[in-house]
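Welcome, and thanks for taking a look at this one with us. Please keep the sequence and the structure side by side as you read.

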Amino acid sequence: MADATSSATVKVLSLELKALQKEPVEGFQVNLPDDSNFFEWNIVIFGPPKTLYEGGYFKAHMSFPSNYPYAPPTFRFSSKMWHPNIYETGDVCISILHPPVNDPHSGELPSERWNPTQTVRTILLSVISLLNEPNTFSPANVDASVMYRKWRDTKGKDDEYVKIIRKQVLKTQQEAEKDGVKIPLTMEEYCIKSKPKPPEEDLNDFLCDDYADELESDDSDEDDELVADSQDSGNEES
């Protein structure tokens, strides 16, 4: 039975990987460190232009359980990340990656947690949203959360939070240079254009037109809801 489950999971992951390679999510690269193992994925996140993470080259890793998509994967940054909702280990604390159990002490609704309709694409969209809009009510990194609130409440006058992030960004740029990777620095470079899109007026600066179409299309209403839900990171470790 376990073998049958794993085989089905490999098929699902294979299809998701092909879909992401055919229609990538802006700002992300995905690949397998071992082509024979679909349960381990390498992720690269490029910092969106006009955000604190602009020019960044952040590496992460996703591990999938044998019963995916009925259980969530883990998402861990290998690059150093200073963020209210990222543990010192690099693990991302986000509701969408928490198992679908009813835990009244978590502060999360079951509907905010993982369910089998989620995909790697929705996770990536949730992570990029969380980076730019942290949840400070239940932080994974308390010090980062306090520092972020000071920066936000002083309208940038207390810039210790920004200085730490920019220092990390510069370090990742050195890593990109070693890897021979060109980091997208403009919205034109960052956004993947497949066909002309109508302009969207109500998106955050870090989202581009393709994000808007994906989030607002008829067949991805759930993705839109998940991005919003992801801003409640919960208070459990992933």
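What follows is a short tour of this predicted model, from its overall layout to a few individual residues.

The protein is built from seven helices and four strands. Following the chain from its start, the order of these elements is α-β-β-β-β-α-α-α-α-α-α. The points below take up the layout, the strands, the core, the aromatic rings, the cysteines and one arginine in turn.

**Overall layout**

- The protein has 238 residues, and 46% of them count as buried.
- Long-range contacts are well represented: taking contacts between residues at least 6 apart in sequence, 61% bring together residues at least 24 apart.
- About 12,600 Å² of the protein is exposed, with 51% of that area coming from carbon and sulfur atoms.

**Strand pairing**

- Strands β2 (residues 40–46) and β3 (residues 57–63) run antiparallel and are joined by seven bridges.
- One place to find this pairing on your screen is I45, whose bridge partner in β3 is F58.
- β3 also pairs with strand β4 (residues 74–77), again antiparallel, through four bridges.
- Here you can look for M62, which has F75 in β4 as its bridge partner.

**The largest nonpolar core**

- This core has 49 residues, and the members that touch the most others are W41, I43, I45, F75 and F77.
- At least two core residues come from each of α1 (2–22), β1 (28–31), β2, β3, β4, α2 (120–132), α3 (142–153) and α4 (160–179).
- Helix α2 is the biggest contributor to the core, giving eight residues.
- As background, nonpolar side chains in soluble globular proteins tend to be buried together.
- Two residues from the strand pairing return here: I45, bridged to F58, and F75, bridged to M62, are both among the core members with the most contacts to other members.

**Aromatic rings**

- The structure has nine aromatic pairs.
- One of them joins F46 and Y57 in a tilted arrangement, with 5.9 Å from centre to centre and 35° between the planes.
- These two rings sit 11 residues apart in the chain, F46 in strand β2 and Y57 in strand β3.
- F46 is buried, at 6% relative accessibility, and Y57 is buried too, at 4%.
- F64 and Y68 make an edge-to-face pair, because their planes meet at 75°, with ring centres 5.0 Å apart.
- Both F64 and Y68 are buried.
- The rings of F64 and Y68 belong to one aromatic cluster together with W41 and W114, and W41 is also one of the core residues that touch the most other members.

**Cysteines**

- How many disulfides does the structure hold? The count is zero.
- C93 is buried, with a relative accessible area of 1%.
- C191 is likewise buried, with a relative accessible area of 7%.

**R166 and its neighbours**

- R166 lies in helix α4, one of the elements that supply at least two residues to the largest nonpolar core.
- Is R166 buried or exposed? R166 falls in between: it is partly exposed, because its relative accessible area is 29%.
- Leaving aside residues up to four places away in sequence, R166 touches T51, L52, Y53 and E54.
- R166 and L52 are 114 residues apart along the chain, yet their C-alpha atoms are separated by 7.1 Å.

Note on methods:
Residues are numbered from 1 along each chain as its sequence is written. This is a predicted model: local features need pLDDT of at least 70, side-chain atom pairs count only at pLDDT 80 or more; totals for chains, interfaces and linings use all residues. Side-chain values use heavy atoms; hydrogens and water are left out. Buried means under 20% relative accessible area, exposed over 50%, partly exposed in between (1.4 Å probe, protein chains only). Contact means heavy atoms within 4.5 Å. Accessible areas come from the Shrake-Rupley method with a 1.4 Å probe; for residues, only the protein chains shown count as cover. Two strands pair if DSSP finds at least two bridges between them. A nonpolar core is a set of buried Ala, Val, Leu, Ile, Met, Phe, Trp, Tyr and Cys residues joined through side-chain atoms within 4.5 Å. A disulfide is a pair of cysteine sulfur atoms within 2.5 Å. Rings of Phe, Tyr and Trp (its six-membered ring) pair if their centres lie within 6.5 Å; planes under 30 degrees apart count as stacked, over 60 as edge-to-face and the rest as tilted.
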